[in-house]
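Student: I would like to take a close look at a single part of this protein, and to follow it outward into its surroundings. Could you go through it slowly with me?

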Amino acid sequence: MKENKYDDNEFFQQYKSMPRSQQGLEAAGEWHQLKALFPDVRGKAVLDLGCGFGWHCRYAQEQGATQVVGVDISQKMLTEAAKFNTSDKISYIQSAIEDIDFPEKSFDVIISSLAFHYVQDFAALCHKVFGLLKPNGVFLFSVENPIFTANEKQYWQLNEQGEIAHWPLDNYFHEGLINTEFLGCMVKKYHRTYTNYISSLLNAGFQLKALVEPTPSQQMLDTIDGMQDELRRPMMLILSASKA
């Protein structure tokens with residue numbers, strides 16, 4: 001049974017209050033670097049896996065995509081997406097990412113933002129995505145960084161004064177299920193190594209095009225308290241691959 005924490009009302013209300021939920025892509029710390037890797041989608045079909053509020057769907061449509069499909073397991077997410085990011089070129093489907101079912105070679109571009117660390121079998125997903133892409137199609141996604149997910153608590157080690165001391169890294173090669181706190185609730189995620197992510201892409205037939213560990217924009221560093229600490233350890237990972 002795939003976990004659908006986002007349809008839990010208490011959890012969803014916490015998520016809905018986050019800056020990236022209210023303000024969209026510009027409030028997402030990784031967006032300026034993910035945007036730089038976004039392929040040309042003019043006249044193309046785009047699939048967004050774990051689309052959430054549909055911000056990336058809207059961006060793809062605004063950039064000229066003629067068909068955009070957003071998939072998410074959460075009905076609450078899709079309700080918000082349909083409310084704020086609508087277009088006759090965008091459609092939404094409620095489904096777990098692992099259960100997507102489209103004809104082969106349906107899409108030119110498949111994207112995902114911070115969703116695959118909820119997927120148990122990433123290797124199997126890569127094979128499915130490869131089949132869904134047209135020749136020369138692009139697979140672009142962000143996930144929580146393996147250094148971030150290796151720490152099951154996903155929080156800093158504090159000193160005796162309650163100040164940040166360091167980011168603890170342990171059990172890095174112990175891949176699999178982790179139970180961590182997010183927005184005041186316990187959430188199931190899956191830790192995997194860099195080797196796992198990259199090998200899964202290569203073994204599925206992809207060619208790796210880019211690997212980026214995003215850092216906050218200078219504006220965020222200058223204006224948001226505590227953002228400088230995000231330079232002390234990587235929180236996210238962006239990968240771009242192609243079906244060449």
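Which residues of helix H4 (residues 55-62) are buried?

Tutor: Please keep in mind from the start that this is a predicted model. The buried residues of helix H4, which runs over residues 55-62, are Trp55, His56, Cys57, Tyr59 and Ala60. What covers these buried residues includes helix H2 (19-23), helix H3, strand E1, strand E2, strand E3 (90-94) and strand E4. Just after H4, the chain comes to Gly64, which takes a positive phi of about 110°.

Let us take one of these residues, His56, which lies in helix H4, and ask how it comes to be called buried. The relative accessible area of His56 is 11%, and because buried means under 20%, His56 counts as buried. Leaving aside its neighbours within four places in sequence, His56 is in contact with Leu25, Trp31, Leu34, Asp48, Ile111 and Ser113. As for distances along and across the fold, His56 and Lys35 are 21 residues apart along the chain, while their C-alpha atoms are separated by 9.8 Å.

One of the contacts of His56 is Ser113, and we can now look from that side. Ser113 has its place in strand E4, which covers residues 107-113. With a relative accessible area of 15%, Ser113 is also under the 20% limit and is therefore buried. Not counting residues up to four places away in sequence, Ser113 touches Glu30, Leu49, Gly50, His56 and Ser142.

His56 and Ser113 also appear together around an empty space, for both belong to the lining of the largest cavity. Rolling a probe the size of a water molecule over the atoms shows where empty space is left. In this model the count comes to 1 cavity of 30 Å³ or more, and the largest cavity has a volume of about 30 Å³. Its lining is made of Leu34, Phe38, His56, Ile111, Ser112, Ser113 and Leu140. Strand E4 gives the largest share of this lining, with 3 residues. Sorted by kind, the lining residues of the largest cavity divide into 4 nonpolar, 3 polar and no charged.

Strands E1, E2 and E4, which are among the elements that cover H4, lead us on to the largest nonpolar core. This core has 32 residues, of which Leu47, Leu49, Ile110, Phe116, Phe139 and Phe141 touch the most other members. Strand E1 (45-49), strand E2 (67-72), E4, helix H6 (122-132), strand E5 (133-144), helix H8 (194-204) and strand E11 (236-242) each supply at least two residues of this core. Helix H6 gives the most to the core, with 5 residues. To see how one member is surrounded, consider Phe139: leaving aside its neighbours within four places in sequence, Phe139 is in contact with Ile110, Phe116, Cys126, Val129, Leu133, Leu201, Phe206, Leu239, Ser240 and Ala241. There is also a second, separate core of 30 residues, which includes Tyr6, Phe12, Leu25 and Trp31. Leu25 and Trp31 have already been named here, since both are among the contacts of His56.

Helix H3, another of the elements that cover the buried residues of H4, takes part in an open space as well. Helix H3 (31-37) and helix H9 (218-223) each supply at least two residues of the lining of the second largest pocket. This pocket has a volume of about 210 Å³ and is lined by 13 residues, of which Glu26, Ala27, Ser217, Gln219 and Met220 lie nearest its centre. The lining of the second largest pocket divides into 6 nonpolar, 5 polar and 2 charged residues.

For a contrast with the buried His56, we may end with Gln75, which is found in helix H5 (residues 75-84). The relative accessible area of Gln75 is 38%, and because this falls between the limits of 20% and 50%, Gln75 is called partly exposed. Not counting residues up to four places away in sequence, Gln75 touches Asp7 and Gln94.

Note on methods: Residues numbered from 1 in each chain as written. Predicted model: local features only at pLDDT ≥ 70, side-chain atom pairs only at ≥ 80, totals over all residues. Heavy atoms only, no water. 1 Å grid on protein atoms, 1.4 Å probe; cavity = no way out; pocket = protein on both sides within 12 Å on 5 of 7 lines; lining within 4 Å. Points joined across faces, edges and corners; volume = space filled by probe spheres on them. Helix = DSSP H or I, 4+ residues; strand = E, 2+ residues; numbered from the N terminus. Nonpolar A, V, L, I, M, F, W, Y, C, P; charged D, E, K, R; others polar. Buried < 20%, exposed > 50% of the residue type's maximum accessible area, 1.4 Å probe, protein only. Contact = heavy atoms within 4.5 Å. Core = buried A, V, L, I, M, F, W, Y, C linked by side-chain atoms within 4.5 Å.
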